[in-house]
Amino acid sequence: MLLRGLSWLIGFQLLGTALNVLFFPVIPGPIIGLVLLFIYLLVRGNVSAPIDEAAASLLRYLPLLLVPPAIGVMAHVDDIQADFWAIAGSLVLSLVISMVVIGWLMQLLINRQARKKGEQ
Amino acid sequence: MNLEWKAALDAVVQHPLFLIGLTLAVYQVAVAAHDKTRWIILQPLLVSSAILISVLVLLDIEYATYKEGTYLLSLILGPATVALAVPLYLNVRRVRQILWPILITLFIGGFFATVLGVALAWLFGAEEMILQTMAPKSVTSPIAMLVAEEIGGSASLAAVFVMITGILGAMFGVELLRFFRINSPEAQGMALGMIAHGIGTARALQENEETGAFSALGMSMMGVLTAILMPLAVALIT
């Protein structure tokens with residue numbers, strides 16, 4: 001079951017890679033694969049057990065899979081030190097401000113929509 | 001006898017499985033530390049990265065070697081990204097209900113976040129290359145790297161900004177949002193995914209599936225929009 005689901009996921013990723021080369025050079029294969037699988041699930045109307053199992057298994061280990069790219073920080077110590085305060089300041093400030101703004105905007109819009117529905 | 005000890009150690013360290021084994025072991029220690037203490041600062045990803053970097057420096061192993069040695073893990077990241085479609089689909093009814101709030105947040109919030117990052121770096125006096133690298137920092141690293149390169153920044157440094165943003169977002173994002181009384185899973189998920197991409201989404205999935213679904217949605221839409229619109233915007237400005 002796990003193998004069959006995994007094969008599906010790999011299949012969608014490879015299809016994404018092909019479309020990446022053919023049509024969308026800036027959008028990475030896995031992201032195109034995500035969109036394709038989403039469309040497939042919409043058309044199909046449910047999640048088959050193998051795909052569900054494989055997806056749940058992989059997503060449980062998502063933080064682990066992100067460890068190798070995160071280690072990449074060590075290759076750039078010099079560049080970061082050169083502009084340290086500008087980089088640290090803008091990264092932290094923009095993260096805090098934009099995260100709160102996005103969360104606040106989304107919550108505001110949802111609440112407004114819910115209120116409108118309630119009035120109708 | 002000394003010589004043979006050294007040879008044995010070298011054989012272990014140079015074995016193709018060593019770096020993967022080390023990563024798995026360190027990750028489990030980090031997860032255990034997080035589960036036991038429940039301190040938000042002990043995000044498994046951050047703790048594992050810190051320990052691993054120290055060990056690599058200690059053993060004098062370069063990043064390129066580490067990257068090559070853990071290729072298997074990076075390989076699985078592709079199908080794992082594809083798998084994010086599943087929680088997204090499971091929440092599709094809710095997504096449809098609040099389609100307009102989602103789209104408005106994506107365009108206005110995404111534009112605001114991108115401009116703010118670049119403006120702050122410019123205010124703090126960073127050089128132009130850093131500014132161009134800063135622009136795509138909120139999207140998943142493969143997109144950020146491609147876009148940074150395309151608009152004149154550095155691809156590998158972009159990946160670093162993406163990582164730092166993601167780790168900070170995962171460490172403090174949920175608590176920050178709660179502090180401002182932003183409690184709905186939809187709003188928390190969108191904020192985490194749009195700003196802290198995959199790492200934020202991993203954190204959102206720890207909250208609950210709905211938050212994770214909206215985070216996956218925010219991440220993928222922000223990534224696609226940035227990939228398409230940012231090179232266009234830069235071409236129009238310059």
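## A loop residue to start with

B:Arg181 sits in the loop that links H11 to helix H12 (185-207) of chain B. This is a predicted model, so treat what follows as a tour of a prediction. B:Arg181 has a positive phi of about 55 degrees even though it isn't a glycine. Is B:Arg181 buried or exposed? B:Arg181 has 9 other C-beta atoms within 10 Å, and a residue with 12 or fewer counts as exposed, so B:Arg181 is exposed.

## Into the helices on either side

Now step into helix H12 of chain B, where you'll find B:His197. B:His197 also isn't a glycine, yet its phi is positive, at about 40 degrees. Its surroundings are another matter: B:His197 is buried, with 31 other C-beta atoms within 10 Å.

On the H11 side of the loop, have a look at B:Val162, which belongs to helix H11 of chain B. B:Val162 counts as buried because it has 29 C-beta neighbours inside 10 Å, and the bar for that is 20 or more. Which residues does B:Val162 touch, once neighbours within four places in sequence are set aside? They are B:Lys137, B:Ser141, B:Ala144 and B:His197. The C-alpha atoms of B:Val162 and B:Val139 are separated by 6.9 Å, with their positions 23 residues apart along the chain.

## Chain B as a whole

Chain B has 13 helices and zero strands. Reading from the N terminus, its elements go α-α-α-α-α-α-α-α-α-α-α-α-α. Picture its C-alpha atoms filling a box of roughly 70 × 45 × 30 Å along the principal axes. Of the 238 residues in chain B, 52% are buried. Take the contacts in chain B between residues at least 6 apart in sequence: 59% of them join residues at least 24 apart.

The domain assignment splits chain B into domain 1 (2-75) and domain 2 (85-237). The C-alpha centres of these two domains of chain B are 28 Å apart. Five residues of domain 1 of chain B are in contact with five residues of domain 2 of chain B. On the domain 1 side of that meeting, four residues are nonpolar, one is polar and none is charged.

## The nonpolar core

The largest nonpolar core holds 107 residues, and the ones touching the most other members are B:Ala83, B:Ala85, B:Ile167 and B:Ala191. Helix H11 (residues 155-179) of chain B supplies the largest share of this core, 15 residues. Why does the core lie between domain 1 (2-75) and domain 2 (85-237) of chain B? Because both of those domains give residues to it.

B:Ile167 deserves a second look. Apart from its neighbours within four places in sequence, B:Ile167 is in contact with B:Gln43, B:Leu45, B:Leu46 and B:Ile199, and also with A:Ala70 over in chain A.

## Where the two chains meet

How many residues of chain B are in contact with chain A? The count is 88 residues of chain B, facing 68 residues of chain A. H11(B) gives the largest share of the chain B side, with 14 residues. By class, that side has 63 nonpolar, 22 polar and three charged residues.

## Transmembrane regions on record

For chain B, an unreviewed UniProt entry lists "transmembrane region" at residues 12-33, 40-59, 71-90, 102-124, 155-177 and 212-237. Two of these spans show how the annotation looks in the model. Residues 71-90 of chain B are 95% helix and 0% strand, with end C-alpha atoms 31 Å apart. Residues 212-237 of chain B are 100% helix and 0% strand, and the end C-alpha atoms there lie 35 Å apart.

Chain A has the feature too: UniProt (unreviewed entry) puts "transmembrane region" at residues 20-43 and 87-110. Residues 20-43 of chain A are 75% helix and 0% strand, and their end C-alpha atoms lie 22 Å apart. Residues 87-110 of chain A are 100% helix and 0% strand, with the ends 34 Å apart by C-alpha atoms.

## Confidence in chain A

Chain A averages a pLDDT of 87, and 98% of its residues score at least 70. Where is confidence highest and lowest in chain A? The high point is helix H1 (residues 2-22) of chain A, at a mean of 93, while the low point is helix H6 (residues 77-82) of chain A, at 79.

Methods
Residues are numbered from 1 along each chain as its sequence is written. Chains are lettered from A and ligands numbered from 1 in the order in which they are written. This is a predicted model: local features need pLDDT of at least 70, side-chain atom pairs count only at pLDDT 80 or more; totals for chains, interfaces and linings use all residues. UniProt positions are given in the numbering used here, feature names are shortened, and annotations may be inferred rather than shown by experiment. Helices (H or I, at least four residues) and strands (E, at least two) are DSSP runs, numbered from the N terminus. A nonpolar core is a set of buried Ala, Val, Leu, Ile, Met, Phe, Trp, Tyr and Cys residues joined through C-beta atoms within 7 Å. Domain bounds come from an automatic or database domain assignment. Two residues are in contact if their C-beta atoms, placed from the backbone, lie within 7 Å. Ala, Val, Leu, Ile, Met, Phe, Trp, Tyr, Cys and Pro count as nonpolar, Asp, Glu, Lys and Arg as charged, and the others, Gly among them, as polar. pLDDT is the predictor's confidence in each residue, from 0 to 100.
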